[in-house]
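Reader: Could you take a close look at the charged pairs in this one for me? I'd like to hear how buried the partners are, and then a word on the cysteines and any internal space.

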Amino acid sequence: MAASGASIEDLLAEARRRIHLPTHADMSARIAAANLAYGLARLLSAVRTLVPDADVSYRASPDFTITRTVKRWKGGFAYGGETVLETGGVELVIPELRPNACGTLVGRLEKPITTEQMIRRASALRAESTDMVWDYSRRNHFINLYLSKERREQVFVIHGCPARIRFDTDDGPGIDANKSAHWKSHIEQVSGPLGGLGVLIDDDARRFWANFRRCELLSLADRTATAERIFGPFEEVQNVSHVGMSSPCSYYHGCHVDGAPGSLYPVLTKPGAPVYLVEATHDGDRGRPGLLPHGTGYSLDFPEPLRESMDPDQLRPIFMLGEPEEGGQQVYGDVSSVPFDYREPGLVTDWQDQGLLTIRETLIPLVTAKL
């Protein structure tokens with residue numbers, strides 16, 4: 001184990017050994033892993049400054065890929081996996097990992113709805129919203145309607161979380177430390193060779209964890225209330241976060257952690273393509289189940305070969321792709337603004353063939369809505 005004062009090269013080498021990737025890593029996953037090594041190395045340095053025997057590891061879900069959240073990318077993180085801290089009993093929280101309680105609600109309609117009714121109700125609800133941001137149309141969030149291929153029932157999926165939980169209110173601090181004056185006043189900065197890291201310790205760490213659970217409940221309830229206004233009575237299939245904390249030492253981004261036996265979880269694919277309801281694979285010999293993907297993940301159409309170097313001034317990776325004599329070389333410091341796509345829906349069947357999950361239902365899109 002490297003000491004907290006280890007060199008950048010030693011920290012990066014150790015971080016790479018602690019990143020557990022899917023068997024098959026495409027270009028998006030390889031770039032994400034390279035960026036993640038910097039974030040994990042910075043974490044290792046910081047937590048070992050506070051707890052010399054501490055450790056950090058990352059296990060990827062099958063859909064491991066880049067994050068398109070600029071602050072998370074610049075922090076050296078990725079999407080589709082779980083970051084686990086081992087701090088020997090010391091209570092420690094890393095707000096920069098941004099557990100924002102974003103998630104999905106899946107429900108079966110008790111009474112069919114027309115596409116016109118759905119669109120009209122969703123538009124009216126947005127117009128009535130007092131939130132400073134209507135979160136259910138931001139980025140890749142949505143309110144969609146599907147038809148179950150197997151059960152011939154209408155099923156909806158809502159993806160997002162209420163914007164108001166990010167900010168401090170009379171009910172408690174915001175979930176986003178970047179937007180919360182409360183947390184900013186409690187965060188302690190730990191310096192290191194790859195840059196500083198803000199941490200919360202002891203009582204502050206406990207309060208952050210309790211506040212995350214409070215905000216997560218608000219996020220779950222908001223998705224439910226939104227669904228009731230748009231779709232009427234429904235049977236809940238799953239209402240679950242895919243960005244959050246499963247304990248004060250465990251943070252997950254873009255995946256479902258420890259899927260319960262018999263429970264169905266949504267796996268999202270390209271806009272206008274099917275959604276799959278899947279069950280986690282539970283093998284008694286394997287112990288803890290693997291991480292379930294929440295989607296197929298982002299894809300980047302970049303040329304080979306991929307080379308990586310480090311920007312010595314900003315302490316971040318620089319990616320060089322292609323050959324100068326073969327169409328020109330592309331060089332990127334981040335991928336937040338480059339064209340992207342989503343991986344193909346057929347990946348979900350591949351994951352089933354690999355024993356990573358079991359497909360229980362296929363949902364055919366009726367309405368893809370970002371209003």
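Author: Here's a walk through the salt bridges, followed by the cysteines and the internal space. Keep in mind that this is a predicted model.

Searching the whole structure turns up 25 salt bridges, so let's zoom in on a few of them, because burial is what you asked about and Glu14 counts as buried at 2% relative accessible area. The partner of Glu14 is Arg18, and their closest N and O atoms sit 3.3 Å apart. Arg18 is buried too, with a relative accessible area of 18%; the cut-off for buried is under 20%. This pair doesn't stand alone, either: Glu14 and Arg18 belong to a network of salt bridges that also takes in Arg48 and Asp55.

Next up is Asp135, which pairs with Arg138 at 3.1 Å between the closest N and O atoms. Here the acid is buried, Asp135 having a relative accessible area of 2%, while Arg138 is partly exposed at 24%. The bridge between Asp311 and Arg316 has its closest N and O atoms 3.7 Å apart. Asp311 is buried, with 13% relative accessible area, and Arg316 comes out as partly exposed at 26%.

Now the cysteines. The disulfide count is 0. Take Cys102: the nearest cysteine sulfur belongs to Cys161 and lies 4.7 Å away. A disulfide needs the two sulfur atoms within 2.5 Å, which means that Cys102 is in no disulfide. Cys102 is buried as well, at 4% relative accessibility. Cys215 is likewise in no disulfide, and its nearest cysteine sulfur, again that of Cys161, is 9.9 Å off. Cys215 has a relative accessible area of 1%, so it counts as buried.

Last, the internal space. There is 1 cavity of 30 Å³ or more, and the largest cavity has a volume of about 40 Å³. Its lining is made up of Ala122, Trp134, Tyr136, Ile143, Ala369, Lys370 and Leu371. Sorted by type, that lining has 6 nonpolar residues, no polar ones and 1 charged. The charged one is Lys370, because Lys counts as charged while Ala, Trp, Tyr, Ile and Leu count as nonpolar.

Note on methods: Residues numbered from 1 in each chain as written. Predicted model: local features only at pLDDT ≥ 70, side-chain atom pairs only at ≥ 80, totals over all residues. Heavy atoms only, no water. 1 Å grid on protein atoms, 1.4 Å probe; cavity = no way out; pocket = protein on both sides within 12 Å on 5 of 7 lines; lining within 4 Å. Points joined across faces, edges and corners; volume = space filled by probe spheres on them. Salt bridge = Lys/Arg side-chain N within 4 Å of Asp/Glu carboxyl O. Buried < 20%, exposed > 50% of the residue type's maximum accessible area, 1.4 Å probe, protein only.
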